[in-house]
Amino acid sequence: MIQINPASGQPIFEQIISQIKMSVLKGYLKPGDNLPSVRKLALSLSVTPGTVAKAYSELEHQNVIVTIRGKGAYIAEKGDSKPSVVQLQRGFATFREICINLIYMGVQKEELEKELDEIYSSVLR
């Protein structure tokens, strides 16, 4: 389910978060689905349990998963919850920073738009 790229500049816990979110968006993981325990996932990915615990904690904070003590972690019901103003501000601030870096590297507006379209298409298939 999750594949870690140690050569990536992205921290491992962030790779876990983004791949779980992508699995939910694509419908591979549905509300109520059980996730592997922290130890089991850490063992299968050859990472420390603390790394997986950090990812799960952030996913819970973002309402992607719910954890039930002694039972495990589950994909949360999506419901009608919308991101808070603070979450949107943080997300757009990160998005702006990335766009500025790409523009600085010479990426054209059309390339950015094409990439955004491709991301939407791949997620919503």
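Are helix 1 and helix 3 parallel or oblique to each other? To answer that, start with the whole chain. This is a predicted model. The protein has 5 helices and 3 strands. Along the sequence, these elements follow the pattern α-β-α-α-β-β-α-α. The C-alpha atoms fill a box of roughly 50 × 35 × 30 Å, taken along the principal axes.

Turn to the sheet. Strands of a sheet pair through backbone hydrogen bonds, and the pairing can be parallel or antiparallel. Here the 3 strands make an open sheet, and their pairing is antiparallel. The order across the sheet is 1-3-2. Strand 1 covers residues 34-35, and strand 2 covers residues 65-68. These two are the edge strands, so named because each pairs on one side only.

Now look at each pairing. Strand 3 spans residues 72-75 and pairs with strand 1 over 2 bridges. The sense is antiparallel. In this pairing, N34 stands opposite Y74 of strand 3. Strand 2 also pairs with strand 3 in the antiparallel sense, over 4 bridges. Here Y74 in strand 3 is the bridge partner of V66. Strand 2 and strand 3 form a hairpin, with 3 residues between them. In that turn sits G70, with a positive phi of about 85°.

Next comes helix 3, residues 49-61. Helix 3 lies across strand 1, strand 2 and strand 3. Against strand 2, helix 3 runs at about 115°.

Helix 3 also packs against other helices. Two packed helices are described by the angle between their axes and by the distance between those axes. Take helix 1, residues 12-25, with helix 3. Their angle is about 45°, and their axes are 8 Å apart. Angles under 35 degrees count as roughly parallel, and 65 to 115 as roughly perpendicular. The angle of about 45° fits neither range, so helix 1 and helix 3 are oblique to each other. That settles the opening question. The crossing of helix 1 past helix 3 is right-handed.

Which residues of helix 1 and helix 3 meet? From helix 1 come I12, F13, I16, I17, I20 and K21. From helix 3 come T51, V52, K54, A55, Y56, E58 and L59. Sorted by class, this contact has 9 nonpolar, 1 polar and 3 charged residues.

Helix 2, residues 38-45, packs against helix 3 too. The angle between them is about 120°, and the axes are 8 Å apart. Helix 2 is therefore oblique to helix 3. Helix 2 passes helix 3 in a right-handed crossing. On the helix 2 side, the contact uses V38, L41 and A42. On the helix 3 side, P49, V52, A53 and Y56 take part. This contact holds 7 nonpolar residues, with no polar and no charged ones.

Finally, follow the chain to helix 4, residues 85-104. How far apart are the end C-alpha atoms of helix 4? They are 28 Å apart. That agrees with expectation, because 20 residues at 1.5 Å a residue should span 28 Å. Just after helix 4 comes G106, which takes a positive phi of about 105°.

Terms used:
Residues numbered from 1 in each chain as written. Predicted model: local features only at pLDDT ≥ 70, side-chain atom pairs only at ≥ 80, totals over all residues. Heavy atoms only, no water. Pairing = 2+ DSSP bridges. Contact = heavy atoms within 4.5 Å. Axes fitted to C-alpha atoms, helices over the stretch in contact; angles between N-to-C directions. Parallel < 35°, antiparallel > 145°, perpendicular 65-115°, else oblique. Left-handed = near helix turned anticlockwise from the far one by under 90°. Nonpolar A, V, L, I, M, F, W, Y, C, P; charged D, E, K, R; others polar. Expected span 1.5 Å × (residues − 1).
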